[in-house]
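Open the model in your viewer and follow the stops below in order. Each one says what to select and what is there.

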Amino acid sequence: MTTGVQDSQFAGDGSYRVDDTVEVDDPVEQQQEPVEQQRDSIVKPLPDEYFVRHDTNAEMRWDAMAGVGYRVPIDRFFVRNHTRTPIVDPETWRLELFGAGLRDAPTSDHAIEFGLADLLELPVHTSTVTLECAGNGRSLFAEQQDSPVEGTPWKLGGVGVARWRGARLADVLERAGVTDEAVEVMPQGLDPRVVMDGVDHGHVRRPLPIAKALDDVLLAYEMNDVPLPPDHGGPVRLVVPGWVGVSWIKWVGQIEVATRQLFSPWNTVMYRMFGPSYPEGGGDPVTREVLKSAFELPWNAELVAGRTHVVRGRSWSGDAPVTRVEVSTDEGATWCPARPIGAAEGAGWQCWEIEWHPVSPGNRVLLARASDGTGATQPDSVPFNTQGYLFGAVARHPVRVT
Ligand SMILES: Nc1nc2c(c(=O)[nH]1)N[C@H]1C(S)=C(S)[C@@H](COP(=O)(O)O)O[C@H]1N2
Ligand SMILES: [Mo]
């Protein structure tokens with residue numbers, strides 16, 4: 001293997017076994033290997049005021065975005081790791097491309113390689129895009145619809161907007177010799193293999209149709225104007241505008257280019273819609289994100305009665321720009337238009353605010369309902385799916401008026 005990755009095995013119970021010897025020059029560091037073995041699944045600091053931990057993942061607290069600018073700073077951007085953040089050396093990192101959809105059909109043993117320096121020579125593309133986990137809002141299936149589902153119990157903080165910079169995947173595919181016969185690409189991560197309930201699913205990978213791959217997908221090496229940090233896929237990850245987070249493969253190490261449809265656990269048994277409202281045997285794999293809104297308030301925020309509060313929030317959609325947001329403070333009996341704050345940047349969210357003057361103390365619920373350019377509006381409820389994806393219903397945000 002040409003890439004400097006520390007390989008380790010996810011034990012499934014949240015612990016890790018490091019298989020390869022960790023290469024260190026300093027003998028003192030070598031003695032500390034047991035500490036390295038116990039390293040957290042996430043590298044960056046996760047202060048309680050910014051994050052809620054869920055196993056190998058870290059959810060952004062929405063109140064940590066109050067008064068913060070348009071983009072989510074890296075120090076509070078959510079992290080979703082199937083296993084753990086690998087430390088990949090940008091100097092030795094290589095992207096390997098192979099498959100029947102490339103000229104002369106190179107096999108993985110004779111893959112076409114790109115280093116970071118090669119990517120940096122390609123035309124630079126920058127875009128502001130929302131990244132969201134397909135399971136964002138999952139806990140609300142139980143909380144609001146009385147239909148609990150398994151999986152990471154995100155509230156609404158499995159989302160963020162950043163400015164991504166990199167090369168177009170299309171430019172890399174063209175230089176690698178993509179042919180008209182190519183149907184799908186399968187990017188794969190360099191993080192440890194995913195073992196769940198004793199089943200080895202292999203490395204994180206998920207197919208993308210060639211039309212999307214050649215359209216607006218980036219191989220990003222910068223996030224918010226700094227080199228892509230380890231937890232977010234450094235040195236290079238995919239940016240797949242409008243599509244669920246799982247297609248944004250981090251630490252991408254190889255891409256198969258195929259002349260047929262491809263499958264992986266991430267588009268067959270996971271990240272697919274299962275349940276009574278979907279076809280038997282499973283519905284379509286999850287692709288685009290749905291319309292959602294969140295308030296920049298903690299759950300059960302305390303607000304003083306008899307005063308006017310400026311309450312802010314943000315709305316986003318994987319389909320089209322947000323065109324309108326309404327807020328209700330009376331259980332949906334009446335709705336008031338929210339005031340937009342600035343315009344959305346690129347494929348990022350729309351920020352907005354309302355003024356609220358709660359008269360008397362008590363437990364209350366805030367509702368925000370967005371519409372987007374396709375004419376869609378957030379519904380009151382969404383059909384249940386067993387893995388709890390795409391919770392796009394209006395969220396009931398509890399607050400305490402004191
Ligand atoms: N290689 C790899 N890529 C990955 C993942 C992963 O575990 N391994 N998680 C995916 C999921 S489910 C999401 S939601 C996003 C999260 O990106 P972030 O951690 O930068 O917020 O990365 C995606 N890319
Ligand atoms: Mo995700």
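Select ligand 1 and the 21 residues around it; those that come nearest are Phe78, Asp191, His232, Arg237 and Lys250. Keep in mind that this is a predicted model.

Stay on ligand 1 and show the backbone of Phe78, where an N or O atom lies 2.8 Å from an oxygen atom of the ligand. Next pick His82: one of its polar backbone atoms is also 2.8 Å from an oxygen atom of ligand 1. Then go to Trp248, which places a backbone N or O atom 3.0 Å from a nitrogen atom of the ligand. Now switch on the protein surface: on its own, ligand 1 has 530 Å² of accessible area, and the protein covers 100% of it. The site that holds ligand 1 is the largest cavity.

Hide the ligand and select Leu97, Trp164 and Trp349. These residues have the most contacts inside the largest nonpolar core, a set of 78 residues. Centre on Leu97 and, beyond its neighbours within four places in sequence, look for its contacts, including Leu102, Pro106, Phe114, Val172, Leu173, Ile255 and Val257.

Last, select Leu303, Val325, Ile354 and Ala368, which belong to a second, separate core of 19 residues.

Notes. Residues are numbered from 1 along each chain as its sequence is written. Chains are lettered from A and ligands numbered from 1 in the order in which they are written. This is a predicted model: local features need pLDDT of at least 70, side-chain atom pairs count only at pLDDT 80 or more; totals for chains, interfaces and linings use all residues. Side-chain values use heavy atoms; hydrogens and water are left out. A nonpolar core is a set of buried Ala, Val, Leu, Ile, Met, Phe, Trp, Tyr and Cys residues joined through side-chain atoms within 4.5 Å. Buried means under 20% relative accessible area, exposed over 50%, partly exposed in between (1.4 Å probe, protein chains only). Contact means heavy atoms within 4.5 Å. A residue is near a molecule or strand if one of its heavy atoms lies within 4 Å of it. A polar contact is a pair of N or O atoms within 3.5 Å; within protein, one must be able to donate a hydrogen and the other to accept it, and residues adjacent in sequence count only if both atoms are side-chain atoms. Accessible areas come from the Shrake-Rupley method with a 1.4 Å probe; for residues, only the protein chains shown count as cover. On a 1 Å grid over the protein atoms alone, a cavity is a set of points where a 1.4 Å probe fits but cannot get out, and a pocket is an open set with protein on both sides within 12 Å along at least five of seven lines; lining residues have an atom within 4 Å of a point. A molecule sits in a cavity or pocket if more than half of its atoms lie within 2 Å of its grid points.
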